[in-house]
Amino acid sequence: MKKNTVVGWVLIAVIMIGFMMFQSKQMEKQRAAQIAQKHIADSVELIQREAQRIADSIAGARRDSLIAAGVIKEEVEAVPEETAPVVAAAAAYQDSLLVKASEAAEAQLVTLSNDKLEVTLTTKGGQPYSAHVKDYANYDKSDLYIFNCAVNPNSCTYNVAIYVNELVNTKDFNFEIASVTDSSVVMRLPFTGGGYIEQAYTLKKDSYLVDNKLSFVNLNIPKNVFSYDVDWNVVIPRMEKGYRNEVQYSKAAYRLDGDNDPEEFAKGRNGNVSVNSKISWLAYHQQFFSAIFRAKDNFDALQSAVVFVPENEPGHFLMACGARFKKELDLTSTADRVYEHEFYFGPNSYRGLKALDQKYEKTIPLGGSIIGLFTKYVIIPVFDFLNGFNLNFGIIILLMTIFIKIVVFPLSYKSFSSSAKMQILKPEVEKINAKYPKPEDAMKKQQATMALYKRAGASMFGGCLPMLLQFPILWAMFRFFPASIELRQQPFLWAEDLSAYDSVVNFGTSIPLIGDHLSLFALLMAVSMFFYTKITQTQMSSNDPNGKMMRFMTVYFMPIMMFVICNSLSSGLSYYYLLSNIITMITTWIIRKWVVKPEDVYARLRASENKPAAKSRWQQMLEEAQRRQQQQQRNGRR
């Protein structure tokens, strides 16, 4: 084997192993950096500090603009940034609001409920207090909350900030309950002049949607105040088995007015965004559930940040999310100003989100434009059709795999046939290798081998085509399984949850590259890949050094690498890859045993023995390369 070839393959292996080790170390460093950066003792402090930092930075920029516009006096700026909003608010509230609104002893909780969602609201701030998704549960079977202020009262905020001669932050006051039913509540914050701020919430029947109507009624808003702000902060808890997988598929997204696709940020890592355009909605997207806030006639600006909480944090939180929206006031009205919003607290079901007609479903990771189309119009419809028979999801994946194999079989049959012919021709290839043993005859050896395959009706590159045909499908499945809420907490054989990894062995400590567990489905998938590649690569000569290196990379290295990758991924994904490999091996065996027969291959060889064969474009290129090589050798001897 040529030295450069050996060095090249070794470098490829080293780079791939090094990259995986680097990624593992980087994740550990990132978590350590988060802890060191925050200098906090527990998760509550981390969340509170980050939320306060977001609010302070946004409020500071807004206060500067208000000073410049003459809305507030510059003396407010002299107050330390941490206390300025509190001092300004306290001075304003003494004169502007009813005493009973600011001095209420304790907040009241109101619960709205339907078959799917239970939303609790509090009169303190007139805001949502918790969102309990009733038809799903956490991995540990506990109640699933998108957020819950009962765990940390300061972890969720829906605050309206507006200047009514003075700064008013609704989160600091207890609202009065004006009316309440099983599905709606109206709360008001009264002013001494007879006006009030009203927050009305309605939970839709059999839905995860909560309508929110914000009204400013008879408020003396100065003419030079053109907008109000909405602060929305939520802390989303962990809900799944695997922290890394849950973080990897969690993110934030927003949609600009008129755009077809939303913009994403904080995908699996801390992130922030600032947008000065009309915003339709903002979504904080956990792997399988979302908290979405939408303005029915758009917001005018957005600033948002997301911080992922370290895995070892005792509060079992996933990410702290904070946002401030700017909304322009309706200057045509001097009395009642009404602004309609909408919350979504529910699952990331593709069909369920699509039915809402707000492009929410586009936050679900289904692949790029081409792969996404295949997923949406082939994989999901077939999956939903089979799911309609109430089968176990392991059986559904098996039937889906068989269906996909049947669909691609007409395209892949020629490749399977060529692979079978190359297996039959292996003794003839060995004779060619023996005829051209010298390295300088490599070109002649390759030309003779290609001529042999052509006479037998085989393609030298036929074994590559099945993988090329399957790659888009494999990638579509790679995106579909971890994002499919239908697989969530669905058991099959030893796997408790097909959307998460199966762990038949827990090591109790993290092992480099593998992690703290062993996935049996991932291991079986790697074993099946080993046998699959061993079967399909048998046409390579045992005496060919390049062939030996290729066999090592495909037969041994690739299965190990795939095991490392899939060990912490969805067990349903590993199970699909396992089935795909097994079906392909069975198909290959059937074609080799009963379809492509050795006597037919050799009969075709004999029939074409004395006939000139047309040279393919590849053969012509090889011959041209050989002529150039010989010319260079002759020039070197002169």
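**Figure 1. Asn-390 in the loop between α8 and α9 of the predicted model.** Asn-390 is exposed, at a relative accessible area of 72% (exposed means over 50%, buried under 20% and partly exposed in between, with a 1.4 Å probe and protein chains only). The residue lies in the loop that links α8 (369–387) to α9; helices (H or I, at least four residues) and strands (E, at least two) are DSSP runs numbered from the N terminus. Although Asn-390 is not a glycine, its phi is positive, at about 60°. The model is predicted, so local features need pLDDT of at least 70 and side-chain atom pairs count only at pLDDT 80 or more, whereas totals for chains, interfaces and linings use all residues. Residues are numbered from 1 along each chain as its sequence is written, and side-chain values use heavy atoms, with hydrogens and water left out.

**Figure 2. Asn-298 in strand β16.** Strand β16 (residues 289–299) contains Asn-298. Asn-298 is buried, with a relative accessible area of 12%. Its phi is positive, about 75°, although Asn-298 is not a glycine.

**Figure 3. Crossing of helices α9 and α15.** Helix α9 (residues 393–424) and helix α15 (residues 571–595) have axes that come within 8 Å and cross at roughly 40°; axes are lines fitted to C-alpha atoms, for helices over the stretch in contact, and angles run from 0 to 180 degrees between N-to-C directions. The crossing angle therefore makes α9 oblique to α15 (under 35 degrees is roughly parallel, over 145 roughly antiparallel, 65 to 115 roughly perpendicular and the rest oblique). The contact of α9 with α15 comprises 14 nonpolar, 10 polar and two charged residues. In this classification, Ala, Val, Leu, Ile, Met, Phe, Trp, Tyr, Cys and Pro are nonpolar, Asp, Glu, Lys and Arg are charged, and the others, Gly among them, are polar.

**Figure 4. The largest nonpolar core.** This core has 122 residues, and Ile-146, Ile-197, Phe-216, Tyr-284 and Phe-345 have the most contacts inside it. A nonpolar core is a set of buried Ala, Val, Leu, Ile, Met, Phe, Trp, Tyr and Cys residues joined through side-chain atoms within 4.5 Å. Helix α12 (residues 464–483) gives the most to the largest core, with seven residues. Apart from the largest core lies another, of 16 residues, including Phe-416, Ala-420, Tyr-436 and Ala-456.

**Figure 5. Val-164 in strand β5.** Val-164 is placed in strand β5 (residues 157–164) and is buried, with a relative accessible area of 6%. The C-alpha atoms of Val-164 and Phe-191 are separated by 9.9 Å, the two residues being 27 residues apart along the chain.
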